[in-house]
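Student: I should like to learn how to read the features of a structural model. Could we work through one together?

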Amino acid sequence: PKLTTDAYDLLPAPGGEELTRGFLQEVVDILLGYISKSSQRSSKVLDFHHPHQLKEGLECFSLDLPDQPETLEQILVDCRDTLKYGVRTGHPRFLNQLSSGLDVVGVAGEWLTSTANTNMFTYEVSPVFVLMEECLLKKMQSILGWSDDVGDGIFCPGGTISNLYSILVARYHFYPEVKTRGMGVLPQLALFTSEQSHYSVKKSAAVLGMGSENVFMVKCDESGKMIPAELESSIVTAKEKALVPFYVNATAGTTVYGAFDPLNAIADICQRYTLWMHVDAAWGGGLLMSDRHKMKLQGIERACSVTWNPHKMMGVPLQCSAILGLLQECNDFGAEYLFQTDKNYDVSYDTGDKSIQCGRHVDVFKLWLMWKAKGSEGFGSQVNKCLENAEYLYDQLLVVTGNLSFDHTPEHSNVCFWYIPPSLRGQPPGPDRDARLHQVAPRIKGRMMEKGSVMIGYQPLGDKVNFFRCVFSNPATQQEDIDFLLDEITRLGDI
Ligand code: ABU
């Protein structure tokens, strides 16, 4: 095919079949090359460039938008270069984020989704996807331990939005008049979440007009779990300040430590004070797929709403995040141009009015297809493997001189540790050593990125100076990658 021509000759142009096939086959070759390289340990995780370098343009790659169409050949170069200068999140040594991996069936699902190019708001335009969403939500609810009649939910853009939905629906549950009359008719509400929980709870309280200062950050134990007695005393304190407690977020799998809050103890407190209990299982929800690890979420069946991101621990391509809970009444506005009640089918399948969006991307197909391809057991094995990797790293850290792991075994696949370079090993703990240790992880991380050999995250937390957080959600990662990581940190940290 003549790829020297431009995109106007592709379908739907008359006679455009051959060119379209040729063009898309070239795209497939580019994707296959990328997928194959992503799984090779000899290839880099990333080819790092600073923002100004990418903006200035590299070889044939330019961000500038043309007035005239580029040739299809150039479009293919653009595709190749976009992948070349990006980060291979499916590489076995990409350990940076809670979402990672490159699932081939998931990729196929995402491509099919884009090809179908439809909208989740009505059955009318998404008959199959709407039923798939219902099927997945029911399956996930039954895995949570909810009975069939309890549940509902929606797939939405990420854990933060899922958590926002939970607060929205909790507020509506206690104060349905807020939907029409606004916040002015409500008392000053108080929310509770642990000091190690995701920042989305505070952000959502701000967005929803409740104020981030009315979110009580409940103390955690050393391993990062909310302390139930502290929750209870925060509730009492809020009441003494004339605030009205209504919502508790418990976290199943905190972002940094991967800790699981004691859900049953929290549920008891919520029951005692008549509070909405949400569980943010964005990260930990995947463990429900594993017979070995699901007991870490005991009590989740008592939650009023749950966030669960299959794009994290289950390795589904971004994005795929569910909020499970009753949303319809809280959010519906029955726009007559879209949600007509006199359609020729059962309009309860026009599920779009549950959402605060109008148009909604189809996030369900890739998960549905992966579930078909792996079965529930396949997801369970994948989760087990990631947690075995975490155990292996933790055990290695205990025996490798110069590395100091936190003194609790990981519950999830997060492993947190400092690297103590030789220059600091003789120095006694204290502010001077802490100030220097704080600089170690960012320095090593910067070197890793420039070399492109491996990626892991770091952060400070509470009174702890910068430390590494290694997370395993990438099914491609093997023990040899963990050995490599430790050697690489030592090599880069000793320069
Ligand atoms: N809370 C979004 C995920 C953050 C992370 O990958 O570290």
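The dialogue below takes up confidence, strands, the ligand shell and backbone geometry.

Student: How should the model and its numbering be read?

Tutor: This is a predicted model, in which local features need pLDDT of at least 70 and side-chain atom pairs count only at pLDDT 80 or more, while totals for chains, interfaces and linings use all residues. Residues are numbered from 1 along each chain as its sequence is written. The term pLDDT is the predictor's confidence in each residue, from 0 to 100. Here the chain averages 95, and 98% of the residues score at least 70. For the complex, the predictor gives an ipTM of 0.93 and a pTM of 0.97.

Student: Are the residues on the two faces of strand 8 buried or exposed?

Tutor: A residue is buried if 20 or more other C-beta atoms, placed from the backbone, lie within 10 Å of its own, exposed if 12 or fewer, and partly exposed in between. Strands are DSSP runs of E with at least two residues, and helices are runs of H or I with at least four, numbered from the N terminus. In strand 8 (residues 321-324), Ser321 and Ile323 on one side and Ala322 and Leu324 on the other are all buried.

Student: Which strands pair with strand 8?

Tutor: Two strands pair if DSSP finds at least two bridges between them. Strand 2 (residues 153-156) runs antiparallel to strand 8 and is joined to it by 4 bridges, with Cys156 opposite Ser321. Strand 7 (residues 305-308) is also antiparallel to strand 8, over 3 bridges, and Val306 stands opposite Leu324.

Student: What is found in the loop between strand 7 and strand 8?

Tutor: Lys312 is placed there, and an unreviewed UniProt entry gives this position the feature "modified residue: N6-(pyridoxal phosphate)lysine"; such annotations may be inferred rather than shown by experiment. Lys312 counts as buried because it has 26 C-beta neighbours inside 10 Å. Gln319 lies in that loop as well.

Student: Which residues surround the ligand?

Tutor: A residue is near a molecule if its C-beta atom, placed from the backbone, lies within 6 Å of it. The residues around the ligand are Gln97, Leu98, Ser99, Gly159, His198 and Thr255.

Student: What backbone geometry deserves attention?

Tutor: Most residues other than glycine have a negative phi, and most peptide bonds are trans. A cis bond joins Leu318 and Gln319, with omega about -10 degrees. Asn117 has a positive phi, near 40 degrees, and counts as exposed because it has 7 C-beta neighbours inside 10 Å.
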